[in-house]
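This briefing covers protein contacts with two DNA strands and the surroundings of one helix residue.

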Number of protein chains: 2
Amino acid sequence: MSRPPKARNKALLAYCELLRRDGERATTIDAVAARAELSKGGVLYHFPSKEALAEAALEEFRLSCEQDLASMAEAAEGPARHYVRTSWTSGSDLDTYYIAMLRLAQSSWQPAVEALEWVHQAWLELIQEEVGDRYAAEAIMLIGEGLYHHSSMPGEWSRGTFARSVEHLLELVDHLKRS
Amino acid sequence: MSRPPKARNKALLAYCELLRRDGERATTIDAVAARAELSKGGVLYHFPSKEALAEAALEEFRLSCEQDLASMAEAAEGPARHYVRTSWTSGSDLDTYYIAMLRLAQSSWQPAVEALEWVHQAWLELIQEEVGDRYAAEAIMLIGEGLYHHSSMPGEWSRGTFARSVEHLLELVDHLKRS
DNA sequence: GTCTATATGGGGATAGAC
DNA sequence: GTCTATCCCCATATAGAC
């Protein structure tokens, strides 16, 4: 339970933010070091290889997922609304790590692919338990996924277009729950 | 109207397929050459730089989009259904180039970001003209986007989960059109 | 724990043979 | 039009000073 040193967390966060903003190619150890205000050697002290950074992000992702699944299951508004509402980036830890996992999965990094499949499955099951209908649950999840992907896209269009949509999409979720 | 040589097309296709399957990092000129069964020099004859490959993909993307927008506007089933139905990968040219643009945009390649914003806007407008309600149109588009992103994800879960969902999602589209 | 070298490999791109 | 050979840079990783 030793709390990890600050520099380590800064480097890991910088790694995830760079993956999101600039992609895998630009996410070099140099870039991570610069963003975390460390030297390359400093980063490599905490993460002996680049894959170690990915593995650490994966671990944090798993932890965030477990917390998220718990609050989703407990949410007063219900799992479906909770899921869609938090799909529009709030800057939470889960967002950060989720987008990082998406980028890693898109490079066919198998551990990320598997972790995403696991959490997608879990989300879908929670939503389906609430709304009953399988395909309504899938529709709700796809809407959330769409929001997630747009929220991670560079450029202003996505932000401007969907910023005021979440409330309306939540009404649609309520509607799908009833029918 | 000179038809471009076969080798050029093979290289461009290989580039897009690699972007989709392995990501930007792994999409090296070497890898493109190997997949297209050419030498590195052969690829670099047709595309003098790596950016030239991206630009060629962008150009093909624009052409595919114009065709797609035209058939969407004319579709007997209406734009919304057409959009969702074709979001679940059919292996069309548009799919190939769209996913390539997604990957390039995710690396913050500005021309790809702008091209995607343009076509998203155009899709959304066509759908909104049909369904009337702004937020119903957004929901339909997000469902399509969600399908697109899942269809481009490595691993079997997405394919297995949504393969039989499209018909049901289309019913939901009809429902949204009416309400 | 963090830094500055430095070795090594690979990717992008050029030159020139065929 | 396509190939091979080569150069150069940059990213990863190591060694060792502080």
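How far from a phosphate oxygen of DNA strand C does a polar side-chain atom of Ser39(A) lie? The distance is 2.6 Å. This is a predicted model, in which local features need pLDDT of at least 70, side-chain atom pairs count only at pLDDT 80 or more, and totals for chains, interfaces and linings use all residues. Residues are numbered from 1 along each chain as its sequence is written, chains are lettered from A and ligands numbered from 1 in the order in which they are written, and side-chain values use heavy atoms, with hydrogens and water left out.

**DNA strand C**

- Around DNA strand C there are 15 residues, and Ser39(A), Tyr45(A), His46(A), Ile29(B) and Lys50(B) come nearest; a residue is near a strand if one of its heavy atoms lies within 4 Å of it.
- Sugar or phosphate accounts for 63% of the strand C atoms within 4 Å of the protein, and bases for the rest.
- A polar side-chain atom of Arg25(A) is 3.4 Å from a phosphate oxygen of strand C, and a polar backbone atom of Ile29(B) is 2.8 Å from a phosphate oxygen of this strand.
- Two or more residues of the surface near strand C come from each of α1 (6-26) and α3 of chain A and α3 of chain B; helices are DSSP runs (H or I, at least four residues), numbered from the N terminus.
- α3(A) gives the most to this surface, with four residues.

**DNA strand D**

- DNA strand D is surrounded by 15 residues, the closest being Ile29(A), Lys40(A), Lys50(A), Ser39(B) and His46(B).
- Of the strand D atoms within 4 Å of the protein, 60% are in sugar or phosphate and the rest in bases.
- Backbone N or O atoms lie 2.9 Å from a phosphate oxygen of strand D in Ile29(A) and in Lys50(A).
- For Tyr45(B), a polar side-chain atom lies 3.1 Å from a phosphate oxygen of strand D.
- α3(B) gives the most to the surface near strand D, with four residues.

**Thr161(A)**

- Thr161(A) belongs to helix α9 of chain A, residues 157-162.
- Thr161(A) counts as buried because its relative accessibility is 11%, buried being under 20% relative accessible area (1.4 Å probe, protein chains only).
- Its side chain reaches the backbone oxygen of Trp157(A) at 2.8 Å.
- Leaving aside residues up to four places away in sequence, Thr161(A) touches Leu124(B), Arg134(B) and Glu138(B), where contact means heavy atoms within 4.5 Å.

Technical notes
Buried means under 20% relative accessible area, exposed over 50%, partly exposed in between (1.4 Å probe, protein chains only). A polar contact is a pair of N or O atoms within 3.5 Å; within protein, one must be able to donate a hydrogen and the other to accept it, and residues adjacent in sequence count only if both atoms are side-chain atoms.
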